[in-house]
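Subject: Handover of a structure and findings

Dear colleague,

Please find below the structure that I am handing over to you. My findings follow it, and I would be grateful if you would read them with the model open.

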Amino acid sequence: EILKIPATCTPISWVSVFVIVNFAHPVGAMTTLRPFCCDDLFRYNNVNLDPLTETYNTAFYLMYLSKWPEYFQVAESPSGKIMGYIMGKSEARGNNPLDWHGHVTAISVADEYRRLGLAATLMNFLEEVSEQKKCFFVDLFVRVSNKVAVIMYQALGYVIYRQITDYYTGPPDEDAYDMRRALSRDKDKLSEMPCDDPDLPLEDT
């Protein structure tokens, strides 16, 4: 069961909401999905301890919070501990209107809160925001070696669009999969058709 309540800590109230989800974890407690706030930068270290989570500098997170606050969400436990978060944006490569899409810049769930469906809930939220913004698809980049994440994204309906050489800097450097899921505006799923062009321009992140 999901209860949505309009948020008050972000100016974009038409899309940012509090989502309270009853996960089936041992204590049966309620988990709150709410907009990310500046104070969360001092409280999310337990989530970013995962070696596969990309950690950015403070200015980077603040840029996303100021430009795309509707995409930046935190999952919080009843005790106030951050369980996970997602941040993203909407953009179009080369100002191509058919490339208008949502992008998952980062998603991470603390180890003790995994296998509860929280990542799927966060992804679903970002997809809903992208739907409201009339995006054609959602995309993300993931390490080729991160098999668990690749399988999870595939289970959520994402397909491998292309492989990007040395996207992640090392040592050693590592390739990334560019994975996509078509949204309702892309009725023919043209955005999911595989691409073999390694020189196709990338998003900023």
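How many bridges join β3 to β4, and in which sense do the two strands run? The model is predicted, and in it β3 and β4 run antiparallel, joined by four bridges. One of the residues involved is Thr32, whose bridge partner in β4 is Glu76.

**The strands around β4**

Strand β4 also pairs with β5, again through four bridges and in the antiparallel sense. Here Val74 has Tyr85 of β5 as its bridge partner. Five residues lie between the strands in the hairpin of β4 and β5, and Gly80 in that hairpin takes a positive phi near 95 degrees.

In a regular strand, side chains alternate between the two faces of the sheet. In β4, Gln73 and Ala75 point one way, while Val74 and Glu76 point the other way. All four of these residues are buried.

**Aromatic pairs**

The structure holds twelve aromatic pairs. In one of them, the ring centres of Tyr44 and Tyr85 are 5.8 Å apart and the planes stand at 40 degrees; an angle between 30 and 60 degrees counts as tilted, so this pair is tilted. The two residues come from distant parts of the chain, 41 residues apart: Tyr44 belongs to the loop between β3 (30-35) and α1 (45-48), and Tyr85 to strand β5 (residues 82-91).

Are these two tyrosines buried or exposed? Buried means a relative accessible area under 20%. Tyr44 has a relative accessibility of 7% and therefore counts as buried. Tyr85, with a relative accessible area of 1%, is buried too.

Tyr85 has a further ring partner in Phe72: this pair is tilted, with 6.5 Å from centre to centre and 50 degrees between the planes. It also links distant parts of the chain, as Phe72 is in the loop between α2 (58-67) and β4 (73-76), 13 residues from Tyr85 in strand β5. Phe72 is buried, as is Tyr85.

Which residues do the ring pairs link into a cluster? The cluster consists of Phe36, Tyr44, Tyr56, Phe60, Tyr61, Tyr64, Trp68, Phe72 and Tyr85.

**Charges over rings**

Two arginines lie over the faces of tyrosine rings. Arg143 is 4.3 Å from the ring centre of Tyr168, and Arg180 is 3.6 Å from that of Tyr161.

**His101**

His101 lies in strand β6 (residues 101-109). With a relative accessible area of 0%, His101 is buried. A polar atom of the His101 side chain lies 2.5 Å from the backbone oxygen of Asp99.

**The largest pocket**

Rolling a probe the size of a water molecule over the atoms shows where empty space is left. The largest pocket has a volume of about 860 Å³. Its lining comprises 32 residues, and those nearest its centre are Leu52, Ile107, Asn146, Ala149 and Tyr153.

Which element supplies the largest share of that lining? Strand β6 does, with seven residues. At least two residues of the lining come from each of β6, α3 (118-132), β7 (137-143), α4 (147-155) and β8 (159-168).

Yours sincerely

Definitions and conventions:
Residues numbered from 1 in each chain as written. Predicted model: local features only at pLDDT ≥ 70, side-chain atom pairs only at ≥ 80, totals over all residues. Heavy atoms only, no water. Phe/Tyr/Trp six-rings, centres within 6.5 Å; stacked < 30°, edge-to-face > 60°. Buried < 20%, exposed > 50% of the residue type's maximum accessible area, 1.4 Å probe, protein only. Lys NZ or Arg CZ within 6 Å of the ring centre and 35° of its normal. Pairing = 2+ DSSP bridges. Polar contact = N/O pair within 3.5 Å; in protein donor to acceptor, adjacent residues only side chain to side chain. 1 Å grid on protein atoms, 1.4 Å probe; cavity = no way out; pocket = protein on both sides within 12 Å on 5 of 7 lines; lining within 4 Å. Points joined across faces, edges and corners; volume = space filled by probe spheres on them.
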